[in-house]
Amino acid sequence: MNKNCIKVYAFVGPSGTGKSYRAQMVAGEYNINYIIDDGLFIKDNEIIAGESAKKAPTKIETVKHALFLKEEEREEIKKAIKKYKPESILILGTSDNMVRKIAENLELPPIIKYIYITDIATEQEMETAKRIRVTEGKHVIPVPTFELKKDFSRIYIRSTSNF
């Protein structure tokens, strides 16, 4: 499949507002089977390429990782996209510019639709997600907990089913 045939969607909202938690719901609504979130390429609840930016030691490294600025990380995702030939991909990010940059770095076509967390979550739901992030330090990745055990043996991640 030609990369230009891929329909690219963006799911945008501030850090800690519940994007990753809601990503599978949004993907299902648009019939999208592939998600790019924080350095990971995810297919139907399974990590198929990448390494979570949440493991990075600093905020700057987290951002660099999420944007695929390192050639080896970028190439790994591009290779997986070529292998799996997705019809559509949902890219998660904190701003329009961030998701555009991710699409560019991965040589994906322009984003056809932007979906905002504020369109699908209430202010109260976003505040609850932020509070959990700040007070409990919990991050959500849109895959089942067992999928994470091999990579996150030292990091506690709340399962999306328990949010």
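# A guided tour, starting at E125

Select E125 and show its side chain: at 35% relative accessibility, E125 counts as partly exposed. On this tour, buried means under 20% relative accessible area, exposed means over 50%, and partly exposed lies in between, with a 1.4 Å probe and only protein chains considered. The model is predicted: local features need pLDDT of at least 70, side-chain atom pairs count only at pLDDT 80 or more, and totals for chains, interfaces and linings use all residues. Residues are numbered from 1 along each chain as its sequence is written, and side-chain values use heavy atoms, with hydrogens and water left out.

**Stop 1: the partner of E125**

Add R22 to the selection. The side chains of R22 and E125 meet in a salt bridge, with 3.2 Å from N to O. A salt bridge here is a side-chain nitrogen of Lys or Arg within 4 Å of a carboxyl oxygen of Asp or Glu. E125 sits in helix α6 (residues 123-136) and R22 in helix α1 (residues 19-29), so the pair, 103 residues apart, links distant parts of the chain. Helices (H or I, at least four residues) and strands (E, at least two) are DSSP runs, numbered from the N terminus. Unlike the partly exposed E125, R22 counts as buried, at 9% relative accessibility.

**Stop 2: the whole chain**

Zoom out and colour by secondary structure. The protein has seven helices and six strands. From the N terminus on, the order is β-α-β-β-β-α-α-β-α-β-α-α-α. Of the 163 residues, 45% are buried. The protein exposes about 9000 Å², and carbon and sulfur atoms supply 48% of that area; the accessible areas come from the Shrake-Rupley method with a 1.4 Å probe, and for residues only the protein chains shown count as cover.

**Stop 3: helix α1**

Select α1 and look down its axis. Which residues of α1 are buried? They are K19, S20, R22, A23, V26 and A27. These buried residues fall within an arc of 150 degrees, so they line one face of the helix. The arc is that of the directions from the helix axis to the C-beta atoms. An α-helix has 3.6 residues a turn, so residues three or four places apart point the same way. The face turned away from the buried side of α1 carries the exposed residues G28 and E29. Next select N31, which follows α1 and has a positive phi, near 55 degrees.

**Stop 4: the largest core**

Select I36, F41, I89, I91, I102 and L108. These residues have the most contacts inside the largest nonpolar core, which has 24 residues. A nonpolar core is a set of buried Ala, Val, Leu, Ile, Met, Phe, Trp, Tyr and Cys residues joined through side-chain atoms within 4.5 Å. At least two residues of this core come from each of β1 (7-12), β2 (34-37), α3 (71-84), β5 (88-93) and α4 (96-105). Its largest share, four residues, comes from α4. Then show Y9, F11, I35 and M126, which are among the 16 residues of a second, separate core. In soluble globular proteins, nonpolar side chains tend to be buried together.

**Stop 5: I36 and L108**

Centre on I36 in strand β2. I36 counts as buried, at 1% relative accessibility. What does I36 touch, not counting residues up to four places away in sequence? The list is F41, F68, I89, L90, I91, L92, I102, L106 and L108. Contact means heavy atoms within 4.5 Å. To check a distance, pick the C-alpha atoms of I36 and A103: they are separated by 9.7 Å, with these positions 67 residues apart along the chain.

Move to L108, in the loop between α4 and β6. At 10% relative accessibility, L108 counts as buried. Leaving aside neighbours within four places in sequence, L108 is in contact with I6, V8, I36, I81, I89, I91 and A103. L108 and V8 are 100 residues apart along the chain, and their C-alpha atoms are separated by 7.5 Å.

**Stop 6: other salt bridges**

The count of salt bridges comes to six. Select E107 and K78, whose side chains meet at 3.0 Å, N to O. E107 lies in the loop between α4 and β6 (111-116) and K78 in helix α3; this pair, 29 residues apart, also links distant parts of the chain. K78 counts as buried, at 11% relative accessibility. Now select E61, K64 and K70, which salt bridges with shared partners join into one network.

Finish at D44 and K43, where the closest N and O atoms of the salt bridge are 3.2 Å apart. D44 is partly exposed at 42% relative accessibility, and K43 is partly exposed with a relative accessible area of 25%.
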